[in-house]
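Trainee: Before we label anything here, I would like to hear the rule behind each label.
Mentor: Then ask about the labels one at a time.

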Amino acid sequence: MKAYMADVWRFRHFWLSLVRMDLQARYRRSVLGIGWSLLHPIATTVVLCAVFYQIFHMPVREYLPFLMAGLAWWGYVTGVIGRGCQCFVEAESYIRQHPVPMAVYPLRTALGAMIHFLIALAVVLLLTWCFQGFANLAALPAVLIGLMILLVFGWAAGVVAGYVNTIFRDIQHLTDIVFQILFYLTPVMYPPDILVRSNMTWVLTINPLTHLLKIVRDPLIAGTIPSVRAYGAAAATTLLLVGVAALLLGRLQRKVILYL
């Protein structure tokens, strides 16, 4: 694994150029450019906030940054898995021509999604400071830990999704259905204590995405450092996914070309 990661780093100029090319191709000749990446979470946040803030009994100044942080996080998770399903298919020409580590292509997807996520989080941070003051400053370093865990999670998820979808092309369509279910099972647009009051804590317990959201949103919005249990659960989920990704890389590194 150490040698493999060193090989990935050796090709850093290649995958960084791929990320840059993806951004340039996506926003070429666009007036707003990368600002379009904010339009969807902002528009969705405004609409959902107008509808649900009274239902969840949260003031607008608290619910608005809370909701946008959740939607930005959800966009990252769905992006790394949804785009990850196509990471090897879209890179077929590179795979046939360049003998680079296969993990480079899911990394390209994860980094692109992380850039958009960071831009959205910057807006969330400004909203939080505007509506709630600077009470979260002491907890902001904890956000960096959460982002690092999320980047590794996204990279590993992209590897798994990419390999599985390359062999079974229906997986990408199946993920759309799974995402729709998980969206309502994950406290993206509602506070977790609603499930606690409704005696549905088990939904939070069995959903591994809950802690991955908590380690980013809690220090950013509430200004509190997530518990050791939250970090442990998020790290355990990520390490499990990394293990599966490493197993797939070890066994299918040279065979994926047969399915393209």
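Trainee: What share of the contacts in the chain with a separation of 6 or more comes from residues 24 or more positions apart?
Mentor: Such residues account for 77% of those contacts, where contact means heavy atoms within 4.5 Å. This is a predicted model, in which local features need pLDDT of at least 70, side-chain atom pairs count only at pLDDT 80 or more, and totals for chains, interfaces and linings use all residues. Residues are numbered from 1 along each chain as its sequence is written, and side-chain values use heavy atoms, with hydrogens and water left out.

Trainee: How many helices and how many strands does the chain have?
Mentor: There are 13 helices and zero strands. Both terms refer to DSSP runs numbered from the N terminus: H or I over at least four residues for a helix, E over at least two for a strand.

Trainee: Why does the radius of gyration agree with a compact globule?
Mentor: The rule is 2.2 Å times the number of residues to the power 0.38, and the radius is taken over C-alpha atoms. For 260 residues a compact globule would have a radius near 18 Å; the chain has 19 Å, so the two agree. Along the principal axes, the C-alpha atoms fill a box of roughly 55 × 45 × 35 Å.

Trainee: What part of the 260 residues is buried?
Mentor: Buried residues make up 48% of them. The classes rest on relative accessible area, with a 1.4 Å probe and protein chains only: buried is under 20%, exposed is over 50%, and partly exposed is in between.

Trainee: Why is Thr128 called buried?
Mentor: Its relative accessible area is 1%, and the limit is under 20%. Thr128 lies in helix H7, residues 104–132. Leaving out residues up to four places away in sequence, Thr128 touches Pro65, Gly133, Asn136, Leu220 and Ile221.

Trainee: What makes Phe66 buried?
Mentor: Phe66 has a relative accessible area of 10%, so it is buried. Phe66 sits in helix H4, residues 60–82. Pro191 is 125 residues away along the chain, yet the C-alpha atoms of Phe66 and Pro191 are separated by 8.6 Å. Beyond four places in sequence, Phe66 touches several residues, including Pro187, Pro191, Arg217 and Ile221.

Trainee: Is Ile81 buried or exposed?
Mentor: Ile81 is buried, at a relative accessible area of 17%. Ile81 is also found in helix H4, and not counting residues up to four places away in sequence, Ile81 touches Ala157, Ala161, Thr175 and Phe179. Ile81 and Thr109 are 28 residues apart in sequence and 8.8 Å apart in space, C-alpha to C-alpha.

Trainee: Where is Pro226 found?
Mentor: Pro226 is in the loop between helix H12 (209–222) and helix H13 (228–252). Pro226 is nevertheless buried, with a relative accessible area of 7%. Outside its neighbours within four places in sequence, the contacts of Pro226 include Ala142, Lys214, Asp218 and Tyr231.

Trainee: Why does Ser227 count as partly exposed?
Mentor: Ser227 has 37% relative accessibility, so it counts as partly exposed. Ser227 is placed in the loop between H12 and H13. Trp202 is 25 residues from Ser227 in sequence, and the C-alpha atoms of the two are 18 Å apart.

Trainee: How do you know that Cys87 is too far from Cys85 for a bond?
Mentor: A disulfide is a pair of cysteine sulfur atoms within 2.5 Å. The sulfur of Cys87 is 8.1 Å from the closest cysteine sulfur, in Cys85, and is therefore too far for a bond. Cys87 is buried at 4% relative accessible area.

Trainee: What rules out a bond for Cys130?
Mentor: Distance does, because the closest cysteine sulfur, in Cys49, is 13 Å from the sulfur of Cys130. Cys130 is exposed, with a relative accessible area of 58%. By the disulfide rule the count comes to zero.

Trainee: How many side chains are positive and how many negative?
Mentor: The chain has 19 positive and 9 negative side chains. Lys and Arg count as positive, Asp and Glu as negative, while His and the chain ends are not counted. The centres of the two sets lie 7 Å apart, with each charge placed at NZ of Lys, CZ of Arg, CG of Asp or CD of Glu.
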